[in-house]
Amino acid sequence: MNQSGPASAASATARQEGAIDLSWCRAEFPALQRTVGGQPAAFLDGPGGTQVPQAVIEAMATYLVERNANTHGAFPTSRATDETIAAARAAMADFLGATPAEVAFGPNMTTLNFNLARAIGRTLRPGDEIVVTELDHDANVSPWLVLQELGAVIRWLPVDPATCTLDLDRLGDLLGRRTRVVAIGWASNAVGTVNDVARAVRMAHEAGALAVVDAVHYAPHGPIDVRAIGCDFLLCSAYKFFGPHVGVLYGRRAAFEALETYRVRPQSAAAPEKIETGTLNHEGLAGLTAAVDFLARLGQRYLDAFRDAVGGATGRRAAILAAMHAIEAYEAPLAERLRRGLATLPGVKVYGAPEGHPRTPTVSFTVAGRHPAEVARFLAERGLFVWDGDFYAVTLIERLGLKASGGLVRVGLAPYNTAAEIERLLEAVEALGRGGSG
């Protein structure tokens with residue numbers, strides 16, 4: 001993602017040497033056997049959720065057959081469920097660079113963020129301020145907007161429509177003695193822009209505010225170290241990195257313990273259980289652990305290539321870090337080919353950060369004279385699965401002036417995508433531009 005530092009240097013070296021080819025992992029994903037009109041389906045819809053490897057499917061099925069029970073019972077399946085939850089916390093702790101006691105689960109990121117915002121809202125006084133951004137997915141905006149009912153004041157960090165980037169210098173102008181929360185996305189799910197969240201977190205803390213990071217879109221594409229960025233809370237979703245529909249909330253221990261959450265009386269008042277309302281998705285947690293272990297197995301192949309980037313990490317954490325650097329090294333040239341290819345096509349406009357700015361392998365565009373939904377249907381009929389619309393990044397789409405015209409067409413890459421699929425997509429978009437029809 002063109003980030004500076006040793007990790008980026010290792011990824012760049014791997015790309016230059018052609019050492020990273022993850023196409024072998026396609027065999028792990030049963031869904032990739034689908035065909036459309038005699039052509040293999042190309043799942044270019046990763047930002048909305050990835051496909052899952054066979055190991056995840058098997059882990060969920062095994063849980064339901066052999067472990068299915070509620071928690072804290074005396075009998076074997078209940079004890080096994082407790083172990084399943086503990087294993088999922090440990091897996092996500094390794095994924096995030098956290099401890100298991102700092103990892104909570106929920107049905108999805110949005111629900112967890114509403115729970116978090118409501119808990120923080122209990123400490124607010126009328127006139128307290130919350131900073132949100134125009135670039136973010138609405139799941140890291142609306143939970144904070146709701147707190148206006150309690151008298152909170154919302155400050156907006158604007159996006160530059162020309163570059164689809166945030167100017168963090170302007171964040172300093174929004175911070176003050178009444179700032180209580182800064183909510184910012186690590187990467188834009190609509191256009192792929194990667195933000196300097198470590199800097200935003202430092203600025204929030206200097207103002208005495210909590211920092212909440214939405215890492216849903218970033219998590220599948222790059223390494224996460226919550227200690228390094230220093231955030232108070234971070235959210236992501238397992239279904240974006242090869243797992244089932246489970247939301248994840250990291251809370252820095254002190255910040256987590258300070259929360260006054262809404263919960264049923266029997267629920268533990270300690271982190272992380274204090275924010276987990278009701279029975280968890282146990283089979284989903286079994287699948288989540290399998291997804292993290294899949295990444296670790298992938299990373300084992302590339303530990304030597306990314307030894308410097310992994311640093312002092314050991315065990316599963318080291319393998320996960322190697323996996324994420326390998327994924328970055330594999331996806332980046334595919335995305336570059338896609339961006340450059342689309343930019344040469346008549347009538348196609350590509351949106352996103354300028355070259356050199358960190359970005360995920362998510363590429364969004366419009367085709368002159370074609371509604372994005374029409375483009376998506378045309379591609380779907382040719383076995384090319386892409387998204388269209390606003391992707392819940394509603395403010396960004398408004399600022400780009402695309403709300404009335406249907407938003408964007410979005411292509412997102414995953415390790416199971418290939419150069420051949422990129423060429424198929426470019427050929428199809430070119431054909432549509434020449435007057436093709438669905």
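This section describes the overall fold of the chain, its cysteines, and a selection of individual residues in a predicted model.

The predicted chain comprises 15 helices and 17 strands. For a chain of 438 residues, a compact globule would be expected to have a radius of gyration near 22 Å, and the value of 21 Å found for this chain agrees with that expectation. Along the principal axes, the C-alpha atoms occupy a box of roughly 65 × 50 × 40 Å. Buried residues make up 56% of the 438 in the chain. Among contacts with a sequence separation of 6 or more, 70% are between residues 24 or more positions apart. The exposed area of the chain amounts to about 17300 Å², of which 51% is supplied by carbon and sulfur atoms. Charged side chains number 41 positive and 46 negative, and the centres of these two sets are 3 Å apart.

No disulfides are present in the structure, the count being zero. A disulfide is a covalent bond between the sulfur atoms of two cysteines. In the case of cysteine 25, the closest cysteine sulfur belongs to cysteine 236 and lies 20 Å away, so the separation is too far for a bond. Cysteine 25 itself has a relative accessibility of 0% and therefore counts as buried. Cysteine 164 is likewise buried, with a relative accessible area of 1%.

Cysteine 164 also appears among the contacts of threonine 193. Threonine 193 is situated in the loop that runs between strand S9 (179-185) and helix H7 (197-206). Despite this loop position, threonine 193 is buried, at 0% relative accessibility. When residues up to four places away in sequence are not counted, threonine 193 touches Leu135, Cys164 and Thr165, together with Trp186, Ala187 and Ser188, and further along the chain Ala353, His357 and Pro358.

Two leucines illustrate buried positions within regular secondary structure. Leucine 157 belongs to strand S6, which spans residues 153-157, and has a relative accessible area of 1%, so it is classed as buried. Beyond its neighbours within four places in sequence, leucine 157 is in contact with Val131, Val132, Thr133 and Glu134 on one side of the sequence, and with Leu166, Asp167, Leu168, Arg170, Leu171 and Leu174 on the other. Aspartate 173 is 16 residues from leucine 157 in sequence, and the C-alpha atoms of the two are 9.4 Å apart in space.

Leucine 295 is located in helix H10, a helix that covers residues 282-300. With a relative accessibility of 1%, leucine 295 also counts as buried. Its contacts, leaving aside neighbours within four places in sequence, include the phenylalanines Phe95, Phe241 and Phe242. The remaining partners of leucine 295 are Ala319, Ala323, Met324 and Ile327. Between leucine 295 and phenylalanine 241, which are 54 residues apart in sequence, the C-alpha to C-alpha distance is 8.8 Å.

Alanine 419 provides an intermediate case of accessibility. This residue lies in helix H15, which extends over residues 419-433. Its relative accessible area of 45% places alanine 419 in the partly exposed class, which covers values between 20% and 50%. Although 85 residues along the chain separate alanine 419 from leucine 334, their C-alpha atoms are 6.3 Å apart.

Several backbone features were found in loops. Alanine 271 and proline 272 are joined by a cis peptide bond, for which omega is about 5 degrees. Proline 272 is placed in the loop between helix H9 (253-258) and helix H10 (282-300). Positive phi values were found at two residues that are not glycines, histidine 72 and tyrosine 392. For histidine 72, phi is about 65 degrees, and the residue occupies the loop linking helix H2 (54-66) to helix H3 (76-96). Histidine 72 is exposed, its relative accessible area being 70%. For tyrosine 392, phi is about 70 degrees, and the residue is in the loop between strand S16 (387-389) and helix H14 (394-399). Tyrosine 392 is also exposed, with a relative accessible area of 58%.

Key
Residues are numbered from 1 along each chain as its sequence is written. This is a predicted model: local features need pLDDT of at least 70, side-chain atom pairs count only at pLDDT 80 or more; totals for chains, interfaces and linings use all residues. Side-chain values use heavy atoms; hydrogens and water are left out. Helices (H or I, at least four residues) and strands (E, at least two) are DSSP runs, numbered from the N terminus. The radius of gyration is taken over C-alpha atoms; the globule rule is 2.2 Å times the number of residues to the power 0.38. Buried means under 20% relative accessible area, exposed over 50%, partly exposed in between (1.4 Å probe, protein chains only). Contact means heavy atoms within 4.5 Å. Accessible areas come from the Shrake-Rupley method with a 1.4 Å probe; for residues, only the protein chains shown count as cover. Lys and Arg count as positive and Asp and Glu as negative; His and the chain ends are not counted. The place of a charge is taken as NZ of Lys, CZ of Arg, CG of Asp or CD of Glu. A disulfide is a pair of cysteine sulfur atoms within 2.5 Å.
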